[in-house]
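Subject: Structure handover and notes

Hello,

Please find the structure below, with the sequence. My notes on it follow.

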Amino acid sequence: MADPLFIFMLTRDDATVPNAVEAARVGIAAGARHIGFKDVGAAPGELRALAAQLKAAGVTTYLEVVSLDEASEMASAELALALGVDVLMGGVRPWAVAPRVRPTPVRYFPFAGRVVGHPSVLAGSADEIAASAQEIAALPGVDGLDLLAWRSELDGAELARTVCAAVRKPVVIAGSIDRAERIEAVRRASAHAFTVGTAAIDGVFPADAPGLAGQLAAIQAAARGPVRRIA
């Protein structure tokens with residue numbers, strides 16, 4: 001079982017945090033090599049400076065779209081292209097965004113299923129979400145999927161397994177991953193990656209060291225799986 005990538009999101013409650021530049025500095029120093037932010041919570045100029053900071057450090061960059069209306073979603077896609085991020089995540093209109101992103105180097109991972117509201121919530125049954133995942137994954141220009149497994153009324157671990165098994169493209173599990181047990185469920189689902197933002201910034205994970213650096217170390221350790229003791 002391959003370890004999933006950990007994407008550190010510079011976000012709280014589906015918005016980029018005001019101190020994103022400092023949080024990014026701590027994340028880079030702590031060894032985070034996949035770092036992202038949302039399309040809301042900061043002005044475009046601030047996001048340009050943040051993206052430049054991350055690129056200068058050599059990390060893989062992600063912009064996740066949580067805007068609700070079509071005009072804002074398309075504007076966020078254009079922003080992702082202008083910033084030159086590596087991966088555009090989220091959004092609910094892949095049929096409109098994929099043709100715009102496809103000719104560019106940016107990889108595109110839209111939301112699977114019916115996503116509503118802000119902070120984003122995933123609605124529908126497991127069968128409906130899996131069917132949506134298959135339909136979206138088949139679209140030209142879609143490189144993978146963004147799944148809000150623990151933002152639904154369903155069993156998040158089971159939903160992650162179901163969707164990862166239903167598609168052949170990589171799946172990123174995002175939203176409300178706030179304990180090691182959920183990271184282990186991500187591993188067992190064979191997901192490509194998972195995101196943590198709010199839980200790390202708010203210091204939710206039990207950690208051996210204080211502050212954000214300690215949180216990131218705890219999450220990175222959990223992504224490598226439970227310690228296996230030799231009898």
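Asp-14 is buried, at a relative accessible area of 4%. Please keep in mind throughout that this is a predicted model. The notes take the salt bridges first, then the strands, then the pockets.

**Salt bridges**

Asp-14 has a charged partner: a salt bridge joins this residue to Lys-38, and the closest N and O atoms are 3.1 Å apart. The two residues are 24 apart and belong to distant parts of the chain, Asp-14 being in the loop between strand 2 (11–12) and strand 3 (15–16) and Lys-38 in strand 4 (residues 34–38). Lys-38 is buried as well, because its relative accessibility of 6% is under the 20% cut-off. In general, side chains of opposite charge can pair when their charged atoms come close.

The model has 13 salt bridges in total. Another of them is between Asp-3 and Arg-187, where the closest N and O atoms are 3.3 Å apart. Asp-3 sits in the segment before strand 1 (5–9) and Arg-187 in helix 7 (residues 180–188), so this bridge ties together parts that lie 184 residues apart in sequence. Are the two ends of this bridge buried or exposed? Asp-3 is partly exposed, with 41% relative accessibility, whereas Arg-187 is buried, with a relative accessible area of 4%.

Asp-178 and Arg-179 form a salt bridge too, with 2.8 Å between the closest N and O atoms. Asp-178 is partly exposed at 25% relative accessible area, and Arg-179 is partly exposed at 38%. Through shared partners, salt bridges also join Asp-3, Glu-184, Arg-187 and Arg-188 into one network.

**Strands and crossovers**

Which strands pair with strand 5? Strand 4 runs parallel to strand 5 and is joined to it by five bridges. One pair of bridge partners here is Gly-36 and Tyr-62, the latter in strand 5. Between these two strands the chain passes through helix 2 (residues 44–56), and the resulting β-α-β crossover is right-handed.

Strand 6 (residues 87–90) also runs parallel to strand 5, with four bridges between them. Glu-64 has Met-89 of strand 6 as its bridge partner. From strand 5 the chain goes through helix 3 (residues 70–83) to reach strand 6, in a β-α-β crossover that is right-handed. Tyr-62, the partner of Gly-36, is also paired with Val-87 in strand 6.

Strand 5 itself (residues 60–65) is mostly covered, with five of its six residues buried.

Next comes strand 7 (residues 107–109), which pairs with strand 6 in the parallel sense over three bridges. Val-87 stands opposite Arg-107 of strand 7. The connection from strand 6 to strand 7 goes through helix 4 (residues 94–101), and this β-α-β crossover is right-handed.

**Pockets**

Rolling a probe the size of a water molecule over the atoms shows where empty space is left. The largest pocket holds about 260 Å³ of space. Its lining consists of 22 residues, and those closest to the centre are Arg-151, Gly-175, Ser-176, Gly-197 and Thr-198. Strand 12 (193–196) and helix 8 (198–201) each contribute at least two residues to this lining. What is the make-up of the lining by class? Nine of the residues are nonpolar, seven are polar and six are charged.

The second largest pocket holds about 220 Å³. Ten residues line this pocket, and Ala-180, Ala-221, Ala-222, Gly-225 and Pro-226 lie nearest its centre. Helix 7 and helix 9 (211–223) are the elements that give two or more residues to the lining. Helix 9 supplies the largest share, three residues. By class, the lining of the second largest pocket has eight nonpolar residues, one polar and one charged.

Helix 7 therefore comes up twice in these notes: it contains Arg-187, the partner of Asp-3, and it contributes to the lining of the second largest pocket.

Regards

Key: Residues are numbered from 1 along each chain as its sequence is written. This is a predicted model: local features need pLDDT of at least 70, side-chain atom pairs count only at pLDDT 80 or more; totals for chains, interfaces and linings use all residues. Side-chain values use heavy atoms; hydrogens and water are left out. A salt bridge is a side-chain nitrogen of Lys or Arg within 4 Å of a carboxyl oxygen of Asp or Glu. Buried means under 20% relative accessible area, exposed over 50%, partly exposed in between (1.4 Å probe, protein chains only). Two strands pair if DSSP finds at least two bridges between them. A crossover is right-handed if, with the strands pointing away from the viewer, the path from the first strand over the helix to the second runs clockwise. On a 1 Å grid over the protein atoms alone, a cavity is a set of points where a 1.4 Å probe fits but cannot get out, and a pocket is an open set with protein on both sides within 12 Å along at least five of seven lines; lining residues have an atom within 4 Å of a point. Grid points are joined across faces, edges and corners, and a volume is the space filled by probe spheres set on the points. Ala, Val, Leu, Ile, Met, Phe, Trp, Tyr, Cys and Pro count as nonpolar, Asp, Glu, Lys and Arg as charged, and the others, Gly among them, as polar.
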